[in-house]
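Q: I would like a close look at a single part of this structure, followed by its charged and aromatic side chains. Please keep the account formal and connected.

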Amino acid sequence: MAAAPPALRRLLLLFSLLLLASVAAAAEGEEEEEEFTEELLLRPLPDRKALAHFHFRSSAPPSAAAGRHHHVFPKAIAQLVQQFHISELELSFTQGRWNYEQWGGYDPMSTNYAKPPGVELWAAFDLPLDEIDATWKNLTHTLSGLFCASINFLESSTAFSAPRWGFKLNEGNLRYGALPREAVCTENLTPWLKLLPCRDKAGIASLLYRPSIYKGYYHSQKLKLTSSQSFGIIIDQTLTVVLQPDAFRGQQLHSTDGQLQPSWSMKDLFNRKLSGKCRVSKSSRVFLEIEKDIVDKSGTEASWTNELFVLSTAPDRVLKELNNMDAQSSSLYEYDVSNYNNDKPLDVGITWKLPLIWSCTPAPYHANRFLMGSGNERGSIALSFRSTNLHKQLFGSSNDCSIKAVVFQVVPWYVKVYYHSLQIFIDGNSKAISEVVDKIHVTPSEDKHLPGTLEMLLRLPCSMESATLSLDFDKGFLHIDEYPPDANQGFDIPSALVTFPEFNSNRSYPETDTLFVSPLLQTFKENGVVKSYTEVLLVPLTTPDFSMPYNVITFTCTVLALYFGSLLNALRRRIGEEERELKKAAVKRGLIPLLIAKLRGKKVDPPPQGSSPTSLLSTKLLLKVVFVAVVAVSFHYLSNS
Amino acid sequence: MAIRNFWSMAAAAVGFRLVLVLFGGDLHLASRPEVSTPLTSIRRLAEGYWLKQASMSPYSGSMYHGSPLLLLVLGPLTNKRSVGHHDHIYCSLIFVAVDFIAAMLIRATGRRLQIARNRNLKSLELTEAVSNSVNVSAGDIASLIYLWNPWAIVTCVGSCTSPIENLMVVIMIYGACSRLAPLAAFGYVMATHLSLYPAILIVPIILLLGYGPDAPPTKVFRIKSSSASKTDVSDNDKSSSSRDVQQFLWKPVFHFILWMLFWTFYVLLLSSIVLNKVGGLQEMFEKYFFAEVFDFFRSFFLIVFNMNIVFMVLPLAIRLKHRPCFLAFIYTAIVAILKSYPSVGDSALYLGLLGLFANELAEMQFTFFLFFGYIGVSLLSPVMHNLWIWRTVLVVESGFLPFNSFTEIYSLLGPGGSQHKRYR
């Protein structure tokens with residue numbers, strides 16, 4: 001090859017390129033193509049806010065078919081999956097807390113897209129169990145580079161845990177970590193947008209006007225990745241924001257109790273209108289969801305204009321939830337963005353005709369977590385459940401039943417939990433653990449090595465109004481260089497997750513298009529076990545005081561000096577001999593009187609037996625010196641040889 | 001001269017403890033770092049027992065650092081809770097009994113020492129010294145000091161395992177004083193197993209078994225016998241006086257070592273049975289025996305404190321080889337001061353042993369100053385604890401809480417020296 005003339009070489013290269021291109025084209029024709037879809041869901045919330053949920057899905061066929069080349073799918077993610085053998089991964093950046101009482105706790109949105117504040121990362125690997133920890137560590141570093149976040153703090157073994165069933169059932173190949181204090185900002189959004197083929201230049205993502213989305217009450221940006229040999233890699237990128245529509249724009253309606261329900265449109269929420277789809281997207285739709293409670297109240301068949309509200313644009317389609325339990329259910333108004341363009345931009349909005357109060361379906365229990373106790377030594381964590389009487393609505397009012405709840409909690413090692421101190425109070429009465437806890441799995445924390453993990457399956461009686469679990473803990477002490485810059489702020493305990501496995505929030509909508517299933521509605525249909533995250537706890541720990549080491553050293557040294565001095569003195573003092581010496585000293589004259597006597601010219605008697613002890617002393621001294629020298633020489637010789 | 005109301009006072013002390021345990025409610029003493037250290041806390045023991053019941057190693061989770069045998073004995077009691085009392089009431093009741101037994105053993109030890117002392121003084125023909133001196137029953141005093149010592153009461157009520165450790169040390173000293181090799185070996189092995197520091201007490205134990213209880217130095221007897229031989233030449237008298245000089249007896253020491261091996265084997269066997277399914281003995285050696293010092297300041301603790309204990313073993317043994325009981329007391333005092341997690345339980349032990357030498361220390365100087373200084377420092381230490389965080393105080397406390405015991409040692413050794421003079 002190297003000997004061939006340059007012209008021939010160029011020809012060969014061209015030929016091979018042509019061949020490759022044709023093979024690739026053939027492969028693409030046969031296999032599924034890489035797909036990209038974009039969707040947006042809007043929903044008015046009962047407390048005068050509006051929810052916007054962006055959903056982007058990119059999928060790539062199994063990597064063997066497409067080789068290493070992608071045209072829509074982000075290459076960085078494909079490489080990540082290949083490198084770390086990820087089977088599932090979910091990374092979320094959240095600012096603010098999902099309000100389960102107002103915004104609902106029993107719909108696909110709250111169970112899938114309500115996330116704990118800060119960063120949450122979990123990943124399941126397709127690897128032998130002993131390689132998983134190392135892979136996780138590499139993965140955290142890669143992700144922290146990809147998303148400009150300090151996910152690399154999850155590398156340390158004190159930051160992640162391996163839940164078995166409390167979080168998600170697995171065979172030990174899942175790792176979970178959370179950084180509750182990570183701040184989320186545009187620097188995290190930009191790399192996330194880079195994974196989209198149109199970024200935020202066109203399509204639904206162009207609505208992401210930074211000042212308006214970061215002004216919201218809740219902001220959760222999530223990346224979910226699933227990969228398997230059969231269907232390739234799928235990434236779902238979602239952004240869920242809860243925004244306050246500008247109340248002074250548009251018409252306002254005053255209800256009897258003074259509550260306002262603002263009318264809003266996309267322009268009010270994002271300061272933008274939607275002018276067409278992203279060209280490479282397979283489908284691009286906007287949904288507006290109206291809660292079941294409103295549909296109930298409107299009475300008539302759901303249409304886009306009724307006596308309660310009117311939508312700004314006529315929808316392309318109306319989807320009603322398939323629900324076998326009652327006739328009325330939530331409805332979706334669907335808009336196809338491909339019908340709109342720059343001249344005719346889409347601006348979906350809702351205008352209320354009547355003041356309206358409605359509520360979202362809550363989770364079976366409101367879970368709250370708080371700290372008890374004071375001081376810097378110990379405290380207790382309490383987890384309280386307040387019944388919302390949902391089971392009565394769903395299953396009738398039988399009172400002998402019980403509801404399962406799974407609690408999953410990770411505590412950092414410096415919160416040393418006494419698991420034996422678990423106490424359960426149901427309606428204020430203390431209950432035996434065995435009555436309520438069906439199954440418990442604890443991984444106790446190890447100092448500076450492992451966080452504590454608690455997985456607990458509770459069986460709460462239906463008739464109960466409230467339950468409280470409490471666990472005592474001692475606060476550990478950190479090394480001086482383990483404190484963060486602002487140590488006085490305290491330390492965060494990541495949110496606990498409460499799952500209600502008997503309640504499923506999935507919603508299925510009739511399939512309108514047999515060829516194409518909307519990924520958003522598909523996620524609504526699958527795995528909707530009701531979950532709720534509790535609050536992040538802030539634990540104040542003792543903060544280092546830099547005068548401390550000084551004090552300690554001073555005290556310790558003083559005390560040790562006293563100890564040594566007194567002990568050594570006591571060891572070598574002989575009281576009887578001292579007295580004898582004293583008597584001798586009384587006879588013997590001191591040196592100075594001797595000198596004075598000499599100066600005066602008086603003759604001094606030589607002390608009796610003076611010479612012989614001195615000569616003895618000198619020979620002894622000489623012997624000692626010789627001995628030391630011999631030892632030194634021999635030591636030197638031995639150490640050198 | 002025995003104390004008249006000994007039994008009523010002892011019963012009152014036990015009654016006082018029972019009242020505190022049963023009706024005192026939760027005094028929150030267990031949460032004081034002076035009372036229960038991470039190594040002796042019964043709350044941690046309960047956690048270890050819970051983990052073991054959940055078929056996990058009790059040492060997983062760096063909570064429990066105690067012996068597996070304590071888990072076996074005290075663990076089931078931590079589970080039971082009775083309404084209206086504090087959590088570990090059954091353990092506290094056991095500790096009351098343990099304290100009482102320890103006090104009785106101290107009393108018996110004191111009697112043996114007293115008998116030996118009187119015999120020695122008689123053989124030195126210092127009978128008028130015997131009758132002149134105050135000569136109270138040291139055993140009674142020591143056991144009452146132990147029973148009424150606020151530290152011992154606080155330790156007993158405050159649910160920590162130090163009463164059991166103290167009992168083992170007392171058993172060891174009693175066994176050695178009365179030359180019961182199996183008992184001494186049992187106490188030694190158990191005490192070492194429970195806290196490792198009493199290992200250095202092997203020196204006084206062997207001396208006690210070999211030479212018998214405290215006596216004036218052999219030199220004194222020799223001078224006495226030589227002076228006797230000068231004045232009186234009869235062979236009969238000479239042999240009797242030389243018989244008084246104690247020879248080192250190898251037989252009890254040999255027995256002690258055999259029994260020690262036996263008990264060591266037994267304890268290891270029991271521990272391995274306890275830890276059978278959760279890691280076995282290896283777990284115990286890795287996580288318990290050598291995990292006494294936590295990562296923090298590890299080298300600092302090891303060198304400054306623990307090495308100092310070892311340094312002082314030999315010089316003190318040479319200096320005080322004729323007074324093994326006193327030597328044992330000095331060792332316990334040094335351990336109480338320098339151990340890495342000192343508690344008032346250790347102070348209770350050495351203050352209790354201090355009473356055994358009541359006769360010898362009757363002429364101690366500055367007692368008023370020492371006593372009130374000790375009380376003052378003890379009252380200051382909780383203030384220190386509030387001012388600084390616990391771990392810092394730990395370092396400080398290790399010197400500071402029994403701060404006066406330094407001066408105490410000093411003044412104790414002083415009278416010890418003057419004692420020799422008096423015998424002469």
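In which helix is the place of B:Lys219?

A: In this predicted model, B:Lys219 lies in helix α11 of chain B, which covers residues 218–231. Its relative accessible area is 47%; B:Lys219 is therefore partly exposed, since that class lies between the limits of 20% and 50%. On the surface, B:Lys219 belongs to a patch of positive charge that also takes in B:Lys321 and, from chain A, A:Arg574, A:Arg580, A:Lys583 and A:Lys584. The largest share of this patch comes from helix α15 of chain A (residues 575–587), which supplies 3 residues.

The patch gathers positive charges; elsewhere, opposite charges pair. Side chains of opposite charge can do so when their charged atoms come close. Over all chains, the structure holds 26 salt bridges. One of them joins A:Glu35 to A:Lys282, with 3.2 Å between the closest N and O atoms. This pair links distant parts of the chain, 247 residues apart: A:Glu35 is in strand β1 (residues 35–44) of chain A, and A:Lys282 is in the loop between α9 (266–270) and β10 (283–290) of chain A. A:Glu35 has a relative accessibility of 27% and so counts as partly exposed. A:Lys282, at 44%, is likewise partly exposed.

A further salt bridge is formed by the side chains of A:Asp236 and A:Arg57, at 2.7 Å from N to O. Here too distant parts of the chain are linked, with A:Asp236 in strand β8 (residues 232–243) and A:Arg57 in strand β2 (residues 50–60) of chain A, 179 residues apart. A:Asp236 has a relative accessible area of 9% and is therefore buried. The value for A:Arg57 is 13%, so this residue is buried as well.

A:Asp200 and A:Lys201 also form a salt bridge, in which the closest N and O atoms are 3.9 Å apart. Of these partners, A:Asp200 is partly exposed at 21% relative accessibility, whereas A:Lys201 is exposed at 71%. In addition, a network of salt bridges links A:Arg43, A:Asp107, A:Glu289, A:Glu291 and A:Arg507.

The aromatic side chains add another set of contacts. Over all chains, 36 aromatic pairs are present. Among them is the pair of A:Phe167 and A:Tyr176, which is tilted, with 4.7 Å from centre to centre and 55° between the planes. The tilted class applies because 55° lies between the limits of 30 and 60 degrees. A:Phe167 and A:Tyr176 are both buried. One aromatic cluster is formed by A:Phe36, A:Phe54, A:Phe56, A:Trp192 and A:Phe270.

Backbone geometry completes the account. Most residues other than glycine have a negative phi. A:Asp427 has a positive phi, near 50°, and is placed in the loop between β18 (415–426) and β19 (429–431) of chain A. With a relative accessibility of 39%, A:Asp427 counts as partly exposed. A:Lys448 also has a positive phi, near 60°. The loop that holds A:Lys448 runs between β20 (437–443) and β21 (452–461) of chain A, and the residue is partly exposed at 26% relative accessibility.

How values were computed. Residues are numbered from 1 along each chain as its sequence is written. Chains are lettered from A and ligands numbered from 1 in the order in which they are written. This is a predicted model: local features need pLDDT of at least 70, side-chain atom pairs count only at pLDDT 80 or more; totals for chains, interfaces and linings use all residues. Side-chain values use heavy atoms; hydrogens and water are left out. Patches are made of residues with over 30% relative accessible area and no salt bridge: like charges are joined within 9 Å, nonpolar side chains (Val, Leu, Ile, Met, Phe, Trp, Tyr) within 5 Å. Accessible areas come from the Shrake-Rupley method with a 1.4 Å probe; for residues, only the protein chains shown count as cover. A salt bridge is a side-chain nitrogen of Lys or Arg within 4 Å of a carboxyl oxygen of Asp or Glu. Lys and Arg count as positive and Asp and Glu as negative; His and the chain ends are not counted. The place of a charge is taken as NZ of Lys, CZ of Arg, CG of Asp or CD of Glu. Helices (H or I, at least four residues) and strands (E, at least two) are DSSP runs, numbered from the N terminus. Buried means under 20% relative accessible area, exposed over 50%, partly exposed in between (1.4 Å probe, protein chains only). Rings of Phe, Tyr and Trp (its six-membered ring) pair if their centres lie within 6.5 Å; planes under 30 degrees apart count as stacked, over 60 as edge-to-face and the rest as tilted.
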